[in-house]
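This report goes through a single protein chain, taking up backbone geometry, buried regions and charged pairs in turn.

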Amino acid sequence: MLPYTTYLIDLDGVIYRGNELLPGAKEFITWLETSKKKYLFLTNNSFATATQILAKLERLGISTNNMHLLTAGQAAVQHIARRFPKGVVYVVGEQPLMELVESLGLIVANIDAQEADAVLVGLDRDFDYAIMTCAMNAVRSGALFITINRDPVLPIAGGFIPGCGALAAAIEVASGVTPEVVGKPEPMLLQEAMHLLDSQPGETVMIGDGLQVDILAGQNAGTHTLLLLSGSSSREDLEKSSIKPDHLYENLTALLQDLNHGS
């Protein structure tokens with residue numbers, strides 16, 4: 001089984017927790033590079049840009065680049081661009097998401113537009129009734145409806161704010177149309193990653209710390225799965241859950257021991 005040709009890797013709880021690098025993370029990335037493995041870091045994050053995530057990794061001592069990172073926002077826009085080349089997208093989101101849409105040759109619809117090829121929902125802290133109305137009408141008129149994730153709230157210092165999923169839910173109720181979801185545990189983020197890497201599910205492993213998010217996403221996308229106990233899911237959670245990973249390790253250090261032994 002191990003090693004695989006392709007590694008899809010969650011970040012929070014696998015590579016780092018908060019602002020702390022987790023055991024074995026740096027060594028694992030070195031192993032991927034020296035072993036010539038295909039890999040992508042995957043994140044459901046709908047508000048942090050790729051640049052911000054790469055800068056955080058750099059601060060923690062991991063030098064990588066855009067070739068090894070795929071956010072759910074990037075995956076959503078790539079999916080739309082393949083389905084509607086040079087298409088018009090009504091973006092419920094902030095400036096970085098609009099710039100991402102334009103970077104792939106798509107057109108961002110005017111804020112008061114009522115029609116588009118696709119409606120893309122990310123985090124939008126300026127979301128209001130007018131935006132909801134336009135997005136709803138575009139969806140009702142037949143636009144593809146995609147949300148980056150279904151997270152109902154977003155934790156911030158001192159509490160929470162409504163997440164991307166809350167905005168998508170408002171448009172869903174108003175339009176009567178259920179959106180396609182990009183982020184884990186839905187398979188689209190992993191499918192886009194494998195498309196980019198030219199990999200098949202059978203040669204790919206999803207490494208994550210969450211049974212309900214990462215491991216379920218891997219199962220939904222048909223990949224192998226590997227759970228690390230360095231983040232959100234515990235051994236007790238695993239015993240109670242019907243979701244079972246193909247592999248289980250305490251952390252990346254323990255995984256590396258097996259990978260080095262196998263090679």
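A residue is called exposed when its relative accessible area is over 50%, buried when that area is under 20%, and partly exposed in between. The model discussed here is predicted. With that cut-off, Lys 36 counts as exposed because its relative accessible area is 72%.

**Backbone geometry**

Lys 36 is not a glycine, yet its phi is positive, at about 60°; this residue sits in the loop between α1 (25-34) and β4 (38-43). Lys 86 likewise has a positive phi of about 60° without being a glycine, and its place is in the loop between α3 (72-83) and β6 (88-92). Lys 86, too, is exposed, with a relative accessibility of 68%. Most residues other than glycine have a negative phi, and most peptide bonds are trans. A further departure concerns the peptide bond from Lys 184 to Pro 185, which is cis, with omega near 10°. Pro 185 belongs to the loop between β12 (180-181) and α7.

**Helix α7 and the nonpolar cores**

Helix α7 covers residues 188-197, and because seven of its ten residues are buried, the helix is largely enclosed by the rest of the structure. The buried residues are Met 188, Leu 189, Leu 190, Glu 192, Ala 193, Met 194 and Leu 197. After α7 comes Asp 198, whose phi is positive, near 55°.

The largest nonpolar core holds 50 residues, of which Leu 8, Leu 42, Tyr 90, Val 119, Leu 120 and Val 121 touch the most other members. Leaving aside residues up to four places away in sequence, Val 119 touches Tyr 90, Ala 135, Ala 138, Val 139, Ala 143, Leu 144, Phe 145 and Ile 146. Apart from this core lies another, of 31 residues, which includes Val 14, Phe 28, Trp 31 and Val 205.

**Salt bridges**

Side chains of opposite charge can pair when their charged atoms come close. The count of salt bridges in this model comes to seven, and three of the pairs are set out below with their N to O distances.

| Pair | N to O distance |
|---|---|
| Arg 83 and Glu 180 | 3.2 Å |
| Arg 125 and Glu 94 | 2.7 Å |
| Glu 172 and Arg 150 | 2.9 Å |

In the salt bridge between Arg 83 and Glu 180, distant parts of the chain are linked, since Arg 83 is in helix α3 and Glu 180 in strand β12, 97 residues apart. Both residues count as partly exposed, Arg 83 at 41% relative accessibility and Glu 180 at 28%.

For the salt bridge of Arg 125 with Glu 94, the former lies in the loop between β8 (118-121) and α5 (129-140) and the latter in the loop between β6 and α4 (95-103), so the pair ties together parts that are 31 residues apart in sequence. Arg 125 is exposed, at 56% relative accessible area, whereas Glu 94 is partly exposed, at 21%.

The salt bridge between Glu 172 and Arg 150 connects helix α6 (residues 164-175), which holds Glu 172, with the loop between β9 (144-147) and β10 (153-156), which holds Arg 150, the two residues being 22 residues apart. Glu 172 is buried, with a relative accessible area of 19%, while Arg 150 is partly exposed, at 35%.

Finally, salt bridges also link Asp 10, Lys 184 and Asp 214 in a network; Lys 184 is the residue from which the cis peptide bond leads to Pro 185.

Key. Residues are numbered from 1 along each chain as its sequence is written. This is a predicted model: local features need pLDDT of at least 70, side-chain atom pairs count only at pLDDT 80 or more; totals for chains, interfaces and linings use all residues. Side-chain values use heavy atoms; hydrogens and water are left out. Buried means under 20% relative accessible area, exposed over 50%, partly exposed in between (1.4 Å probe, protein chains only). Helices (H or I, at least four residues) and strands (E, at least two) are DSSP runs, numbered from the N terminus. A nonpolar core is a set of buried Ala, Val, Leu, Ile, Met, Phe, Trp, Tyr and Cys residues joined through side-chain atoms within 4.5 Å. Contact means heavy atoms within 4.5 Å. A salt bridge is a side-chain nitrogen of Lys or Arg within 4 Å of a carboxyl oxygen of Asp or Glu.
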